[in-house]
Amino acid sequence: MAGPSFHTGEETLQARAGSRERLAEVGPRVIRPAMPETHQTFFGQLPFVVAGAVDGAGQPWASLLAGAPGFITAPADDRLRIAALPPAGDPLEGLLQAGARVGLLGIEAHTRRRNRANGRVVAVDGVGIDIHVEQSFGNCPKYIEPRQAEYAPGQEARPESLDFTGLGDPVRTLVAAADTFFIASAHPDDDGLPAHGVDVSHRGGPAGFVRIDGDTLTVPDLAGNNYFNTLGNLLLAPRAGLLFIDFARGDLAWLAADAEIVDDAAALAAFPEARRLLRLHVRTSRLARRAAALRWQPPPA
């Protein structure tokens, strides 16, 4: 890895959690500058990938790129080719240009596997994106609901889109029932260091684990791998882009939020298993009906 595995925001939170010394040793072994063969194969079998990027105002966004399995290929261990582009009206539309930082999360929920590949776009053409991978690493399988995704082109044609200040009522309903969402964040410095990139990650829990108070969401941060990729970015640049999915209908909701990390005892008392809380003050939201070119099988009962 060129440069350190973790940046100062991640290291600060690791130190607070008592894991800094261990991760200083582990980081260079698990966060690699290229993908192992198992990760290359894994991306190639997925029907979608979650992508994160930053717009011109510094707002991160997370969304989906979908295709028939095989639409993602690895021409080299540090390259990914994604034969898909963000559709019109998607927050990522126009952001995945050559030179742009990008975070990728490959997740296969029914096997509870997830791997990250962060880097930069090196080329874009009319059918897809080429990415130089600068960080490749896996994540633990906790808190993943095991529903299986299938590529279903056509159902997303001309989706209805609704925009809101804060949380609109339809978005609020989707969030209140969610057991899964994705969050994009970014280091404030675009200086070429691999650790200073864009990240997109998964958050999961029992349905209703995201608590809503007006336009503010509160998410418990539970025991995990303690890399603090997302929270480390948010400590330095407290803007987040959230993606919620209605897995039954295929609706997508994108939220732009200001983030706050909370670790005082009084606030944590309402979340017995949480190590800390993530409060997300939603500025805007957008709901697109049947916008996902995917179909999900529900988790087993």
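Residues are termed buried when their relative accessible area is under 20% (1.4 Å probe, protein chains only). The structure is a predicted model, in which local features need pLDDT of at least 70 and side-chain atom pairs count only at pLDDT 80 or more, while totals for chains, interfaces and linings use all residues. Residues are numbered from 1 along each chain as its sequence is written, and side-chain values use heavy atoms, without hydrogens or water.

Helix α5 (residues 229–236) is largely enclosed by the rest of the structure, because six of its eight residues are buried. These are N229, T230, L231, G232, N233 and L234; helices are DSSP runs (H or I) of at least four residues, and strands (E) of at least two, numbered from the N terminus.

A nonpolar core comprises buried Ala, Val, Leu, Ile, Met, Phe, Trp, Tyr and Cys residues joined through side-chain atoms within 4.5 Å. The largest such core contains 50 residues, with F48, L64, I82, L104 and W296 making the most contacts inside it. Another core, of 26 residues, lies apart from the largest and includes L167, I183, L231 and A240.

The second largest pocket (an open set of points on a 1 Å grid over the protein atoms alone, with protein on both sides within 12 Å along at least five of seven lines; lining residues have an atom within 4 Å of a point) is lined by 15 residues. Of these, L174, A177, I245, D246 and F247 lie nearest its centre. Helix α4 (169–177) and strand β14 (239–246) each give two or more residues to this lining, and α4 gives the most, with four.

Terms used
1 Å grid on protein atoms, 1.4 Å probe; cavity = no way out; pocket = protein on both sides within 12 Å on 5 of 7 lines; lining within 4 Å.
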